Amino acid sequence: MLLKKILLAGVVFAAATPASAANFAMTSGCGEDHSDKSCTTIYLNGEIEVEDGGKWKLFLEKMRTPHAVVALNSPGGIVGAALLIANDILNREYD
C-alpha cells in the first residue's frame, strides 16, 4: 500500500508543463480490452488545478462504483487538489 502511495505521488507531482485543468472520464470494465466487467476504469487527464479536487468528488458521487482502476495522465499541478484525489483513491481502495 505504501508503494502505491509513493508511485501515485511521484506521478502526480511530476514536473508540470502548461496544460488545461484535469478532466475525468470512465469506461465500464477494466484491463486492456475492458473485458473485466467487475470494475470500472476511470481516466484522469490533464494538469490538476485547484478546483479539480471538488470536481473529482462530484464525479465519483455520480459514478458510484465499488471497484475501479484509475489511469492517470497528468504532468502534475496543484498539490492540495492532487493530495485530495490521491487520498480518495487510496481510501476507496481503487487501483
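**Around helix α2: packing, aromatic pairs and salt bridges**

Right after helix α2, Arg64 adopts a positive phi of about 50°. The model in which this turns up is a predicted one, and the helix just before Arg64 is a handy place to start looking around the rest of it.

First, the overall layout. The chain has three helices and three strands, and starting from the N terminus these elements come in the order α-β-β-α-β-α. Of its 95 residues, 37% are buried. Taking contacts between residues at least 6 apart in sequence, 74% of them join residues at least 24 apart.

Now to α2 itself, which covers residues 52-63. The helix has 12 residues, and from the first C-alpha to the last it reaches 16 Å, close to the 16 Å expected at 1.5 Å a residue. Its buried residues are Asp52, Gly53, Trp56, Phe59, Leu60 and Met63. Looking down the axis of α2, these buried residues fall within an arc of 120°, so they line one face of the helix. That fits a general rule: an α-helix has 3.6 residues a turn, so residues three or four places apart point the same way. As for what sits over the buried residues of α2, the cover includes strands β1 and β2, along with β3 (68-73) and helix α3.

Part of this picture is aromatic. The structure holds three aromatic pairs. One of them brings Phe24 and Trp56 together edge-to-face, with 5.4 Å from centre to centre and 65° between the planes. This pair links distant parts of the chain, since Phe24 belongs to strand β1 (residues 23-30) and Trp56 to helix α2, 32 residues apart. Phe24 and Trp56 are both buried. Phe59 comes in as well: together with Phe24 and Trp56, it makes up one aromatic cluster. Trp56 and Phe59 are, again, both on the list of buried residues of α2.

What about charged side chains? The count of salt bridges comes to three. One of them stays inside α2: the side chains of Lys55 and Asp52 meet with 3.1 Å from N to O. Lys55 and Asp52 are three residues apart in this helix, about one turn. The two partners differ in how much they show at the surface, because Lys55 has a relative accessible area of 33% and is partly exposed, whereas Asp52, at 0%, is buried.

Another salt bridge reaches out of the helix. Here the side chains of Lys57 and Asp88 meet, also with 3.1 Å from N to O. Lys57 lies in α2 and Asp88 in helix α3 (residues 79-91), so the pair ties together parts that are 31 residues apart in sequence. Lys57 has a relative accessibility of 33% and counts as partly exposed; Asp88, at 6%, counts as buried.

Asp88 has a further salt-bridge partner in Arg92, with the closest N and O atoms 3.0 Å apart. Arg92 is partly exposed at 34% relative accessibility. Through the shared partner, salt bridges join Lys57, Asp88 and Arg92 into one network. So in this network a buried Asp88, at 6% relative accessibility, meets a partly exposed Lys57, at 33%, and a partly exposed Arg92, at 34%.

Which residues does Asp88 touch, then, once its neighbours within four places in sequence are set aside? They are Trp56, Lys57 and Leu60. Two of these residues, Trp56 and Leu60, are among the buried residues of α2, and Lys57 is the salt-bridge partner already described. Asp88, in α3, thus goes with what was said of the cover, as α3 is among the elements over the buried residues of α2.

A last stop is Ser38, in strand β2 (residues 36-45). Is Ser38 buried or exposed? It is exposed, with a relative accessible area of 54%. Its side chain makes a polar contact of 2.5 Å with the side chain of Asp36. Ser38 and His67 are 29 residues apart along the chain, yet their C-alpha atoms are separated by 7.5 Å.

Technical notes. Residues are numbered from 1 along each chain as its sequence is written. This is a predicted model: local features need pLDDT of at least 70, side-chain atom pairs count only at pLDDT 80 or more; totals for chains, interfaces and linings use all residues. Side-chain values use heavy atoms; hydrogens and water are left out. A salt bridge is a side-chain nitrogen of Lys or Arg within 4 Å of a carboxyl oxygen of Asp or Glu. Helices (H or I, at least four residues) and strands (E, at least two) are DSSP runs, numbered from the N terminus. Buried means under 20% relative accessible area, exposed over 50%, partly exposed in between (1.4 Å probe, protein chains only). Rings of Phe, Tyr and Trp (its six-membered ring) pair if their centres lie within 6.5 Å; planes under 30 degrees apart count as stacked, over 60 as edge-to-face and the rest as tilted. Contact means heavy atoms within 4.5 Å. A polar contact is a pair of N or O atoms within 3.5 Å; within protein, one must be able to donate a hydrogen and the other to accept it, and residues adjacent in sequence count only if both atoms are side-chain atoms. The expected span of a helix is 1.5 Å times one less than its number of residues. The arc is that of the directions from the helix axis to the C-beta atoms.
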